[in-house]
Amino acid sequence: MDFNEDQITRYSRHILLPEVGGKGQKKLAQASVFLIGAGGLGSPAGLYLAAAGVGRIGIIDSDVVDLSNLQRQVLHHTPDVGRPKVRSAEEKIQVLNPDVQVEYYQERLTAQNALELIKQYDVIIDGVDNFPTKFLINDACYFADTPLIHGGILRFEGRVFSIKPKQSACYRCIFKQPPPPGLVANCQEAGIIGAVAGIIGTIQATEALKLILGIGQPLTDRILDFDARKTTFREIKIKRNPNCALCGLHPEITELFEHEQEICQLPPSGTVAVS
Amino acid sequence: MTITINGKPEVLEGSTVLEVLKLKDIDPQMVAVELNTQIIERDQLATTSIKEGDQVEFLFYMGGGS
Ligand SMILES: [Zn+2]
């Protein structure tokens, strides 16, 4: 494929980079990324990947846009409230960069559809807000042998790390299973600084671009934790765990399954949560 | 005894990883524990001893994304 004059102008700040150049830009145009979740992490990741000229972007999300999403989910704007997130996301990406081919799925990622969907893409971005799906994504990427950029956010903090299945530590190497229900805030009640989602999602996009372009050192075998209160990044070295139930020496997980979803509900105001 | 917890040196008593967790008031179910870059299985926390200069990481769950 060859770029036309507009495309050369559009991507000129990439092409100027010796590590990218016209050759790298072509790699991006031929690459595909799958965004799992079009929310706080998926929004910045999707926008930057689209702007960068990634050729094909898949988006899966079953939700509709809620007014409370707009504080951070920058793919969605005020007139989108009530619309499916995937439709809103698809439109914004298409307006930003018509070169991108967008594929969207208004459904949940499940043990039934995960592998088939993930296999169609080069890099996966985890932008989901619950532990069972994070583990499902980790496992599916392992079975599909597809690199995964994991992300998580909570209040003032964020975490990101990359996984090259069978080569670097996976999510289960560190966290064996979801936390017991109710012990860890992972739902709406926890709150999040919107811009923190922007930081983590943008790092996820950067890592995806690096993997596609084959430049620098991937964020594998290390976890990057960000704390907005102190504005500090901390890197924690990790390594593959021989006892990992998925990628260890004696794997117990040989097919996809879903951990039980934690019921996430906000008590009506003025009442006390009973659990 | 001085050990490094999440990047910060701390003076603590306690001879096992589980004791350090208790001293820090952390529920073992809330964290993944790394000792000198090695993940410690939950059922090994009580039997894994800790010594001067060890590096301990308590990795809390971070599950949000949307
Ligand atoms: Zn693993």
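Helix α5 (residues 85-96) of chain A lies across β2 and β3 of chain A and runs at about 175° to β3(A). Helices (H or I, at least four residues) and strands (E, at least two) are DSSP runs numbered from the N terminus; contact denotes heavy atoms within 4.5 Å; axes are lines fitted to C-alpha atoms, for helices over the stretch in contact, with angles from 0 to 180 degrees between N-to-C directions. The model is predicted, so that local features require pLDDT of at least 70 and side-chain atom pairs pLDDT 80 or more, whereas totals for chains, interfaces and linings use all residues. Residues are numbered from 1 along each chain as its sequence is written, chains are lettered from A and ligands numbered from 1 in the order in which they are written, and side-chain values use heavy atoms, leaving out hydrogens and water.

A second helix of chain A, α4 (residues 42-52), lies across β1 (32-36), β2 (56-60) and β4 (123-126), and its direction is at about 165° to that of β1(A). These strands belong to an open sheet of eight strands in chain A, ordered β3-β2-β1-β4-β5-β6-β7-β8 with mixed pairing; two strands pair if DSSP finds at least two bridges between them. The edges are occupied by β3 (101-105) and β8 (232-237) of chain A, each of which has a single partner strand, so one side of each is left without a neighbour in the sheet. On average, neighbouring strands of the sheet are turned by 15° against each other, direction ignored. Within the sheet, β5 (residues 148-154) and β6 (residues 157-163) of chain A pair in the antiparallel sense over seven bridges, and Gly151(A) stands opposite Val160(A) in β6(A).

The packing of nonpolar side chains was examined next. A nonpolar core is a set of buried Ala, Val, Leu, Ile, Met, Phe, Trp, Tyr and Cys residues joined through side-chain atoms within 4.5 Å; buried means under 20% relative accessible area, exposed over 50%, and partly exposed in between (1.4 Å probe, protein chains only). In soluble globular proteins, nonpolar side chains tend to be buried together. The largest core holds 43 residues, of which Phe34(A), Ile36(A), Leu109(A), Ile124(A) and Ile174(A) touch the most other members. At least two residues of this core are supplied by each of β1, α6 (114-118), α7 (131-144), β6 and α8 of chain A, and the largest share, eight residues, comes from α7(A). When neighbours within four places in sequence are left aside, the contacts of Ile124(A) include Phe34(A), Ile36(A), Ile118(A), Ile137(A) and Cys141(A). Apart from this core lies another, of 38 residues, among them Val20(A), Ala38(A), Val54(A) and Ile212(A).

A charged residue of chain A, Glu207(A), is found in helix α9. Glu207(A) counts as buried at 9% relative accessibility. Beyond residues up to four places away in sequence, Glu207(A) touches Ile149(A), Ser162(A), Gln217(A), Pro218(A) and Leu219(A).

A search of the whole structure finds 20 salt bridges over all chains, a salt bridge being a side-chain nitrogen of Lys or Arg within 4 Å of a carboxyl oxygen of Asp or Glu. In one of them, Asp227(A) is joined to Arg229(A), with the closest N and O atoms 3.3 Å apart; Asp227(A) is buried at 12%, whereas Arg229(A) is exposed at 51%. Salt bridges that share partners join Asp80(A), Arg83(A), Glu91(A) and Lys92(A) into one network. Between Arg83(A) and Asp80(A), the closest N and O atoms are 2.7 Å apart; Arg83(A) is partly exposed at 22% relative accessibility and Asp80(A) is buried at 5%.

The side chains of Lys176(A) and Glu41(B) also meet in a salt bridge, at 2.2 Å from N to O. Lys176(A) lies in the loop between α8 (171-174) and α9 (194-213) of chain A, and Glu41(B) in the loop between β4 (38-40) and β5 (55-60) of chain B, so the pair joins two chains. Lys176(A) is partly exposed at 39% relative accessibility, while Glu41(B) is buried at 12%.

Chain B comprises one helix and five strands, which run β-β-α-β-β-β from the N terminus on. Its radius of gyration, taken over C-alpha atoms, is 12 Å, close to the 11 Å that the globule rule (2.2 Å times the number of residues to the power 0.38) gives for 66 residues, so chain B is as compact as a globular protein of that length. Buried residues make up 45% of the 66 residues in chain B.
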